[in-house]
Each structure stands twice: as C-alpha cells, then as structure tokens.
Amino acid sequence: MTAELFTAMRQSIVDGEAGAAGDLARQALATGVSPLDAIERGYVPGLTAVGEAFSAGDMFLPDMMLAARAMKAAVEILEPALKASGGQRQIAGRVVIGTIKGDIHEIGKNMVAMMLASAGFEIHDLGVDVPAERFAEKAAEVDADIVGVSALLTTTMAGQRNVVQAIVAAGLRSRVKIIVGGAPATQGWADEIGADGYSEDGVASVALARQLLGISA
Amino acid sequence: MTSERPPLEPLRSSRRVRFLSDQQLDDLRAATLRILEEVGVKFPSDRALRIFEEHGASVDRETQIVRLAPDLVMRAMATVPRYFTMAARDPSLDLVLQDGVTWFTNDGCGVETIDFETGLARPSTKADVAAMARVADYLPSSGFIWPMVSAQDKGRTSPLHEMDACWGSTMKHVQSETIMGAAHCRYALEMATVLAGSREELRRRPNFSLVVCTIAPLLQDQPGIEGALELAAAGVPVGFLSMPTLGTTAPATMAGALALGDAEIISATVLLQLAHPGTPVFHSIMQAWADPRTGTYVGYPLDQRARYAPVEMAHHWGMPSLGACYGTDAQRPGTWQAAADVALDPFWAGLVGPEIVTGMGLVKTYTRLHAESIILDNDLYQRARYALLDLDVSPETLALDVIANVGPAGHFLAEQHTRKYMRHAMVRGLTHELTPPSGYRDPIEVARERVRTILETHHVEPIEPAKQAELTRILAAADRELG
C-alpha cells in the first residue's frame, strides 16, 4: 500500500501534476505515513528521475518547472507535520535570491531559483525591485550560504554592487557567497564588484553554486 | 577639422514580400484586442492609470491592470501618425519616413567592449559610445544613431551621457534605448531643446527619439512609461519594443508570442494617444527563443519563419515599424556563425519594408562590441541594398551592337562600351580588397583597417561652444540630482 503511494508520488512529480502531488501528500498524512518518508521515498525519487531525464536531453525546462512546482505543493502540505515531528529535510544550501531595486524583470531569476531548488537548495525568493539592504537582512535571517542578485538592465546592473556592499556592511561577507546574473552581467563585472561568481544561465548556476559551497555533483 | 560624409544610402525597394495573409493579420489583431479587453496589461504607474481612467478604460487600482475595450483601442489608434520625421543636427540628414525607404541604425545597449587596441574585454564606456557614433556617422548605411554601448563609467545618468556622446559625434538623428523615467527624460528634453533652439523647433524637427521596452508578459515599466509620457508631451517620437521570448515570457508558439508582444505595444501606444493625440509612435517586436535545455536567450535558431511578420503587424495598425536585424548569437565576429545568423536580415527587411531598422555591429546577442563588427554588418547591408536595386534593361545596357561587333568567339575587353562599364560592374565589398600583385586581403583585417581610418580621419562639426557649454551645465545638474 505504502509502496504504491510512493510510486504515485514519484509519478506526480514526473508528470508535473501539482494537484495530484498535493492530494497524495494529504493522503499520506491521513494514513499515518511519515512526512519525511513521503518526501524522501516518494517525491524526491521523482525529482531525481526528472533531473536525470533533463541531463539526458529527454526532458526540458518546462518539465523541470512543473516538477518543481509539484514538489513545492507536496512539501507545503507535509512541512508542518515534518516540523512537528522534529524531522528535517537534507538541503544542499540556503539561497536568498531576487531582482535588484529598480528592475522588475524576473524570468531569469525564476529559472535560476527553480534549477537550484531542483538541485536540493532551499530557496528564499525576495521577488523583484528588491533594495540591497533587504538581501543582507534576509541572508542574516535565514543564515544563507548564497545570495543571488539578478539585473536585466544596464541602468540597474550597478545595484548588484550595492548588494555586495550591503553584505559586507552587515558583517556577513565571510560566510555568504554572492552570485550575479542577467543579460548585462559578465564574469568581468562580477570580478569588478567583488562578487564570487557569475553564470550564463540557470543550468550553469547549479554547477556554480555547488562549486562555491564545495559540493560534488 | 571636419571631414566629408558619404551620402546616405537607405534600402529602397518597391518589391514586397508578405509572410502573413490578410486573414492572419486580422486574426492577430483580433487576438491583441481580446488580450487587451479580457486579460489586460499591468501599468505600475499612477500617472498612466489616471489617464486610462479619465478615458473610460477599466482600471483595477489594486492590481494596476488596465483592460481596454476594442472601441477605445481603435479610437485611440486612429490618431497615430503613419509617418513622421526624425530630424538631425544637419537638416540634410533628416529622415522623412515614407513607404519604400528603410533606414538602418547600429545596434545598442551593449555592455562589454573588446578594446580596439588591446583586444581585451572590459566594461563599455562613454568614450566607446562617442567613438562608435563617429564610425556610424560616417557609414552611408546608418541613417540614424543608437548609443551603441552603455556608458558604464557614468553611473545612474549614463543614458544622458550616452546622448551627450552621440550628439557630439554625429550630425544624424539620435535614438536612445536607455533613457528611463520622467526626471531623466526631462533632462534629455532640456538638452535636445538647447540643440534645437526652442521647444517649438524640437516639436517640429525632433532631433532625438526614444525606444521604450515593455516587459513580457503584459507588463509596462514605470520609468519607461512615465518617461514616454514626458517625451510625448513634447512631440518627441517614442517607440515601444516588446521582446517576447518563446517558452519563458511568451507562449512557445510564434503566433501567441506575436499577439502578446503586440498587446504590450498597443496598450502603451493607446496610453500615449489618449494623453497626447497624434504623438508619433513606432512599433517593434523582437521575438527570441529560450533554449529549452538551458534557458539561454537565443536570437537566431534554425527556424525563424516569418521573422519580419511584426513589421506587417505594425503596418496593419497604421504605425511605422522598427525592424530587428543583426545581433548574432556568435561570441565574436568573423566566424561562420556571425555571418550565417544575420546575413539574410537586411535583405528580408528590405523586402518587408520597416521604416527604421536596428542594428549593426554587436555580437554575443547584442551585448559585446568589437568595433570591426559594424563594418562587417555594413558589408552585408550593402549586399542587400544592391540585391534590391532595379536592373537597368535598356538599349544601352543590352549592348546588342557591341555583341554584334564582337560576334562569336571574340572578347569584349577592347570595346569602348566595356571600358565605360566594366570599372563599375564589379562592386568591391570587404572581400575584394586587392593585395599586390593579385589576390584578396583578409576581410576582417580590412574591416579593422576601415575602423581605424574612420576614427583617425572622420570628425564631425562640433556643437557651437555656447550650446555645448549649456549641454555640459545641464548634464552636471543631472549628475547632481540623479547621479
């Protein structure tokens, strides 16, 4: 019975069906299945399968996005019970991410967040038009390992430097890695403002984040 | 010392290719009208929302989403001028937009310069903007000028510095793609008024214009929209540019992406017409693709069918169109990809007939400047321009008497007719620069040499000292207030 439930959970992630994933999570709670087991033996294998299919070129970004959304729907339902039972999911690291103040473009930032979430990072998405200080506050609040700053415009890109400065001013620089991205950003720009990394796209951001935290893939 | 500028050479063609049928154009317009009426567009600007409210649009103050009934859209769109003039410092370089003539500009908004002398990558600067404006000023293919890269050494007022650099380096019309916000636009208007002589003269002959990017899907940028309203009040032309990306910020199907982009542009155009009827506005959609494996923004995949369909959509609305050429995804110029991506662009553009087109000279999906790229893209432009010219078939060019004179098995080298025409029959591009005693030089080397020659020898008439002093004063004030 539980094995069947886990199989269905895995499939709901592969199919990217948030509704089904949520229903199965509720079913697990109702039938006394441990929330940690549901996540790690039910849903995570689905995410792993999608990740492997993506790497093999059999699945694409929308498959990843829908799988991540289904995963989120399930975890949201299971999390309160998980916390109550004192359990904790394993995470690769905590990431605070957002688009810099003055800029309301978010698709690039969302793709990076989604790819990092799929790779096991815990994401704290601040949204768009985010003041530099807010990145630092949130990083301190959640004990972030990485802060990611997005900018699409040449006129807002300069704000990425302010985030680096805000992290320094908050005394967090030694324990937080800062990564930047967006169309006008380059490795040279990341170097110039004292950020720790830059990647061209969401897929490359996973390798970058792992490398910065010393995690082998 | 100023130097001579070769006369402008726009694309001229009476030939027309259509990618969309009348029915398809109507279907696309109907889709736009439905999106505007049922889904709406978000305008995060109190000023814009008030204008819409005053004219009876449906405005949700909480979500800032504006929904427009079709009759309101059609009424507002009726006041958009089909053509207008983009004026220049030198009136002989004014562009009078018209059917059958297409004016190109260079690319813009690049962020990385490959230094012409050292070959090393560095952030772009105001000096780069000025140098490239001077190169484009010289090129007959450039009818008007975009600031080619971002003046990153000038901080928050970089868009105004980019205008300053261009105005000082070209006699042609300057079109910004970066001035955002009412305050920045007011400073730009002040500078333009100094150059024009008065507000009335600026309205009559606007010496600059602005491209404002919408944000897909269906979102307007507050500074962009409020800046556009400032310029519209002064009669300065504004264009709205949508860049829907198939699969991420737009449906993964081309028709849906085009309808979405069109709705963004039309919603902003309606706003400007409601606020200032008759404001010159141009229409532009530059669709792109997201790589489904990486999310990378791709401008030139293999299948780009109907690349210039947005031009037809603009004309269907009765608006002039800013077409999108060039900006290869290749990392550097001179490669097979750099040419393969863009080689057909100016030719197709000439056949579809946008009034204005961007943009020559950047690589890496319009982010990186190699100065020689503009010369290479100019060569492709000239190939298209010649390809579209009419063939002269007349007694003189049929040369039947010459053929009869030579007869079978002879040759034409010793004919006076040949002597007259042969020297111009083969037009030399970059690929046919002779190197003694015979053979041709490397075209990339030739392109670099041309950049160097233009930079060393081509200088435009400086702005009068009193006006220049005034521009400098305004720029300093902008730096103090906004910098």
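Trainee: How many salt bridges does the rule find across the interface of domain 1 of chain B and domain 2 of chain B?
Mentor: This is a predicted model. One pair to look at is Arg452(B) and Glu117(B), whose side chains meet with N to O at 3.1 Å. That is a salt bridge because the cut-off is 4 Å. For the whole interface between these domains, the number of salt bridges found is two.

Trainee: Which three residues supply 48% of the area that domain 1 of chain B buries against domain 2 of chain B?
Mentor: The area buried between domain 1 and domain 2 of chain B is about 1,000 Å², and carbon and sulfur atoms give 69% of that. On the side of domain 1 of chain B, no other three residues supply more than Phe116(B), Glu372(B) and Ile375(B).

Trainee: Which residue of chain B forms a salt bridge with Glu200(A)?
Mentor: Between chain B and chain A the count is one salt bridge. On the side of chain B that touches chain A, the residues divide into eight nonpolar, 11 polar and five charged. The closest N and O atoms of the pair are 3.7 Å apart, and the partner of Glu200(A) is Lys364(B).

Trainee: What area is buried between chain B and chain A?
Mentor: The contact involves 24 residues of chain B and 22 residues of chain A. In chain B, Val111(B), Pro292(B) and Arg293(B) lose the most area to chain A, together 29% of what that side buries. Carbon and sulfur atoms give 66% of the buried area, which is about 1,700 Å².

Methods:
Residues numbered from 1 in each chain as written. Chains lettered and ligands numbered in written order. Predicted model: local features only at pLDDT ≥ 70, side-chain atom pairs only at ≥ 80, totals over all residues. Heavy atoms only, no water. Contact = heavy atoms within 4.5 Å. Buried area = accessible area lost by both parts, 1.4 Å probe. Nonpolar A, V, L, I, M, F, W, Y, C, P; charged D, E, K, R; others polar.
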